[in-house]
Amino acid sequence: MRHAFLPVIAAACLFLTGVVILNTQLWYSSRAESLGGARYAANNINLILNEAARATRVAMSIKGCTLEGQYRLGTEAALQPHLRTIVIVKNGAVWCSSLPGNRILLSQIPPMVEGHLLLASARETSNRLPILIYNTRFADSHILVTISDQHIRGALNAPLKGVHFALQVGDSTIGMSGDVVSGNVHYSGRIRSAEYPFSIVYNQPPLFSLQRLITHGLGILFFITLISGVTAYALNKYLHKEMTPEELLRRAIANGEIVPFYQMVVNGREGTLRGVEVLARWKHPRAGYISPAAFIPVAEKSGLIVPLTRSLMAQVVDNMNAIESKLPEGFHVGINFSASHIASPGFVDECLRFKARFQRKDLNLVLEVTEREPLHVDEDLVQTLNTLHENGFVIALDDFGTGYSGLSYLHDLHIDYIKIDQSFVARVNADPDSTRILDCVLDLARKLSLSIVAEGVETREQLDYLNKNDITFQQGYYFYKPVKFTELIKILLSKPKVKVIVE
Ligand code: C2E
Ligand code: CA
Ligand code: CA
């Protein structure tokens with residue numbers, strides 16, 4: 001289920017990330033464009049006001065409002081492309097104007113203001129069109145240069161789609177259409193002219209705009225969608241790829257899913273606990289506990305048996321140290337080792353480090369070596385097992401009787417005891433003839449002076465037979481099944497005196 005959603009979630013994340021990056025990129029460039037447009041408009045207005053400043057200087061040079069003086073004002077107003085009228089005001093009245101008859105287009109003479117500029121609304125002019133006034137104090141007079149709204153709007157008309165620029169002087173604003181507006185009008189963007197007291201105000205582009213994405217980023221949007229789709233497809237393929245048993249096992253070991261189970265070895269006569277055998281289980285997240293028969297062969301074939309056994313050894317150390325005070329004296333802890341692991345370089349050092357980590361120094365660590373697989377007996381193997389034996393390890397030959405050349409092993413290797421395979425014990429029943437093979441195996445073991453552990457004890461008859469034959473170390477469902485660590489603690493704490501079956 002999780003796998004079904006993962007590709008969709010990954011694709012959605014990728015798509016959203018792509019859209020966010022693209023949108024941010026477009027926002028930045030659109031903001032830079034708006035700013036460029038505002039600078040362009042401000043520059044246009046500056047140029048117009050430069051004309052007004054020049055015309056003001058001409059007006060200042062006029063000594064008397066004679067025909068000549070009026071002519072000069074008229075010519076200046078006519079020659080400067082953006083100016084409408086030039087008016088000289090003295091003592092609150094028009095003294096001289098560029099218009100014939102010293103006329104003025106304003107309904108009343110505006111007061112002198114701080115700075116140069118003033119926006120007059122349509123109501124304040126005789127031709128009902130708003131104007132920009134460039135106003136300069138000069139001795140006892142002041143000079144007004146008017147600029148029509150048409151030129152102002154032309155200057156504001158930066159070729160940018162969707163961005164509206166306006167000219168703001170004091171708290172009056174004039175935009176691309178309509179009259180002068182007084183008071184607070186909100187604009188998110190503003191730049192001030194360095195030369196004249198006005199600002200160009202405009203609306204900053206929105207942080208997110210679907211329209212902008214489609215208009216300016218359609219190609220990239222398509223690309224992002226494609227990449228997201230391909231990623232989802234590839235991820236889906238990868239997640240649903242069949243993993244080989246080896247890959248599954250490797251992942252399980254890495255995830256700590258291979259855990260130790262413990263099966264008690266008891267003294268069949270007294271019912272006392274003598275030790276445990278560590279048996280691997282795969283704690284599968286969905287399938288529950290999986291038997292080692294299903295994965296030990298894969299582990300042995302692939303070489304994963306070495307990391308698998310190491311992981312178990314580490315867990316066994318932790319488990320035994322956690323209950324060290326509860327363990328009976330001389331308690332046996334048996335671990336199954338595959339032949340390839342024993343033959344690997346550094347095995348002796350690994351075992352010595354393993355032993356050193358146990359807090360209880362009186363534990364008997366048992367190396368169980370199976371006879372089911374052919375064991376390549378050479379100098380190195382003999383040396384390895386001898387060194388381990390000298391360092392206090394107990395060597396047990398597992399599944400005795402099933403092997404290829406049991407007798408030659410016993411001759412060449414140092415073996416402390418044998419574990420009689422459960423198939424021999426399983427034959428024992430009430431019928432006296434049923435014990436024949438086991439009689440022979442036990443006879444052979446005794447003749448070779450080997451200690452014996454019997455596996456697979458399931459019935460009372462089998463127990464009685466083994467006790468009669470002095471095989472005191474016994475292991476089987478009749479006593480205990482392999483259990484997880486928490487169950488092992490319970491068994492150790494209850495210390496049963498009688499023989500019981502624990503499921
Ligand atoms: P084994 O070493 O001979 O272990 C004894 C097997 O007999 C265990 O099977 C145990 O559960 C089972 N058993 C014990 N008492 C009885 C009984 O009364 N009746 C019956 N029918 N069975 C009983 P398990 O745990 O399934 O292990 C199977 C084999 O897998 C082991 O045989 C051993 O060869 C291998 N194995 C298990 N853990 C490891 C490991 O950590 N490393 C290696 N190399 N092999 C392991
Ligand atoms: Ca074993
Ligand atoms: Ca066995």
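**Two calcium ions and ligand 1**

Biologist: Which spacing do the donors of the calcium ion (ligand 2) follow along the chain?

Modeller: The donors of the calcium ion (ligand 2) follow the spacing E-x58-N-x31-E-x29-D. This is a predicted model, in which local features need pLDDT of at least 70 and side-chain atom pairs pLDDT 80 or more, whereas totals for chains, interfaces and linings use all residues. Residues are numbered from 1 along each chain as its sequence is written, chains are lettered from A and ligands numbered from 1 in the order written, and side-chain values use heavy atoms, without hydrogens and water.

Biologist: What makes Glu-277, Asn-336, Glu-368 and Asp-398 donors of the calcium ion (ligand 2)?

Modeller: Their atoms, OE of Glu-277, OD1 of Asn-336, OE of Glu-368 and OD of Asp-398, lie at 2.2 to 2.3 Å. A donor is an N, O or S atom within 2.8 Å of the metal (3.2 Å for Na, K and Ca), so these atoms qualify; water is not among the atoms, and sites may look incomplete. Distant parts of the chain are linked here: Glu-277 in strand β12 and Glu-368 in strand β15 (residues 364-370) are 91 residues apart.

Biologist: Which protein atoms are donors of the calcium ion (ligand 3)?

Modeller: Asp-398 (OD), Asp-399 (OD) and Glu-455, which is listed with OE twice, lie 2.2 to 2.5 Å from the ion. The donor residues are spaced D-D-x55-E in sequence. Asp-398 in strand β16 and Glu-455 in the loop between β18 (451-454) and α14 (460-468) are 57 residues apart. Strands are DSSP runs of E with at least two residues, and helices are runs of H or I with at least four, numbered from the N terminus.

Biologist: Why is Asp-398 called a bridge between the calcium ion (ligand 2) and the calcium ion (ligand 3)?

Modeller: Asp-398 coordinates both ions, which are 4.1 Å apart.

Biologist: What makes the approach of Asp-398 to ligand 1 a polar contact?

Modeller: A side-chain N or O atom of Asp-398 is 2.9 Å from an oxygen atom of ligand 1. A polar contact is a pair of N or O atoms within 3.5 Å, so this pair qualifies. For Glu-277 the distance from such a side-chain atom to an oxygen atom of ligand 1 is 3.1 Å, and a polar side-chain atom of Asp-399 also lies 3.1 Å from an oxygen atom of the ligand.

Biologist: How many residues of the shell around ligand 1 come from β12?

Modeller: Four residues come from β12, the largest share of that shell.

How values were computed:
A polar contact is a pair of N or O atoms within 3.5 Å; within protein, one must be able to donate a hydrogen and the other to accept it, and residues adjacent in sequence count only if both atoms are side-chain atoms.
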